[in-house]
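Good morning, and thank you for joining. I would like to introduce a structure that is new to this group, and I ask you to keep it in view as I speak.

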Amino acid sequence: MSFKIDRGLFKYDFIDHHAILCVPVDADVKEIRKRYLQIARRLHPDSSFTESAAQKQLGNELLSKLVNPAYEKLTGDRTRTEYILILSQIGKRLVQESTSVTLNTDLAKQLADAPNIDHFYKSAIAKLAQTQYDSLEQALQVIAQISELNLVYLMRSAGKSSTAPPPPAQPKVNSGTPQSNTPKNTPPAPAPAPPKEDSIVEHYVRRAQSLIDKNQFAQAKVELQEALKLEPKNSRCHSLIAMVYLRQNQLKMAKIHFENALKLDPNDETALQWKPKIDKALGQQHSDHKVTSSPNNRDKQPDKSGSGGLFGGLFGGKKK
């Protein structure tokens, strides 16, 4: 069965997972999990003893095709971060297109004019959650209604942040000293630019840096590989993943990414510091290989200990 919704945020080719679970768009993971368990108990075939086979089938499909994917999306660290960023962008888009937004439900229209938007919105969401899946045939209509509330809330929240009043002017202090010759009509200094919203790539990089700090190099590499899929010419990502390969003693891969980092940013400090050391270490490896391959040196083995080997030589200590 296909579940098609064409109202609220769904109109923008976007799956409104918050509406499917009937939780506010700023709900935390604990709140999302609690709500998911309530819905799962309602929809799971084993808990619906009094319903017909058709009702059980419909409930199972709602659970597997809508509810479970929504829960996974909103509780996974990476998917949740990406999803919230997209929601933020949609909110800004809605502000620009507010004159063309059409609302179908009275509840959404009331939210559009409500003086206390947060209280009205969360109260409405909580009330709808009580009966969202009571009638499975009406579930999609209820989801659409919730998504309209989410649309209005995002639009008003984004509009409120973009039209925030400037900070009040600082009062003049009369210190009793002679006034300077500065003209009275000097224009005020320009307001500082608002901080840029972190991109998805920056979130990947931040998580990767945190994992590197914890010596969790395999997970860090996955984060950086995802970042490079989005921005293959990001010098910082190349430099960081080179450090991960270096920590894993994969010197050739580290060299490749350090070279890429320097092509994109010739002043990359990390690449400038480590690439010469890797070149030297790879040259030493090649030299050791020649020595141990010689007929007179087959019984000699290169030092592979953590403290005296290649990794220890580069980092001055044992591999962690």
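Let me begin with a single residue, Y121, which is buried, its relative accessible area being 0%. I should say at once that this is a predicted model.

What does Y121 pair with? The ring of Y121 is stacked with that of Y153, because their centres are 4.1 Å apart and their planes are at 10°. The two partners come from distant parts of the chain: Y121 belongs to helix α6 and Y153 to helix α7, and 32 residues separate them. Y153 has a relative accessible area of 8%, and since buried means under 20%, Y153 is buried as well. In the whole structure, a search finds three aromatic pairs.

Let me now step back to the chain as a whole. It contains 13 helices and zero strands. The chain has 320 residues, and 38% of them count as buried. Among contacts with a separation of 6 or more, 67% are between residues 24 or more positions apart. The accessible surface is about 20000 Å², and carbon and sulfur atoms account for 52% of that area.

I turn next to the interior. As a general matter, nonpolar side chains in soluble globular proteins tend to be buried together. Here, the largest nonpolar core has 53 residues, and those touching the most other members are L62, V67, Y133 and L151. Several helices contribute at least two residues each, including α1 (17-21), α3 (53-75) and α6 (117-131). Which helix gives the most to this core? That is α7, with eleven residues. Apart from this core there is another, of 29 residues, which includes V201, A227, L228 and F258.

L62 deserves a closer look. Leaving aside residues up to four places away in sequence, L62 touches F3, L43, V67, Y133, L136, A139 and L140. Two of these, V67 and Y133, were named a moment ago with L62 among the residues that touch the most other core members.

A word on the cysteines. How many disulfides does a search of the whole structure find? The number is zero. C22 counts as buried, because its relative accessibility is 4%. C237 is likewise buried, with a relative accessible area of 0%.

Finally, one contact of another kind: K277 lies over the face of W274, 4.4 Å from the ring centre.

That concludes my presentation. Thank you for your attention.

Conventions:
Residues are numbered from 1 along each chain as its sequence is written. This is a predicted model: local features need pLDDT of at least 70, side-chain atom pairs count only at pLDDT 80 or more; totals for chains, interfaces and linings use all residues. Side-chain values use heavy atoms; hydrogens and water are left out. A disulfide is a pair of cysteine sulfur atoms within 2.5 Å. Buried means under 20% relative accessible area, exposed over 50%, partly exposed in between (1.4 Å probe, protein chains only). A nonpolar core is a set of buried Ala, Val, Leu, Ile, Met, Phe, Trp, Tyr and Cys residues joined through side-chain atoms within 4.5 Å. Helices (H or I, at least four residues) and strands (E, at least two) are DSSP runs, numbered from the N terminus. Contact means heavy atoms within 4.5 Å. Rings of Phe, Tyr and Trp (its six-membered ring) pair if their centres lie within 6.5 Å; planes under 30 degrees apart count as stacked, over 60 as edge-to-face and the rest as tilted. A charge sits over a ring if NZ of Lys or CZ of Arg is within 6 Å of the ring centre and within 35 degrees of the ring normal. Accessible areas come from the Shrake-Rupley method with a 1.4 Å probe; for residues, only the protein chains shown count as cover.
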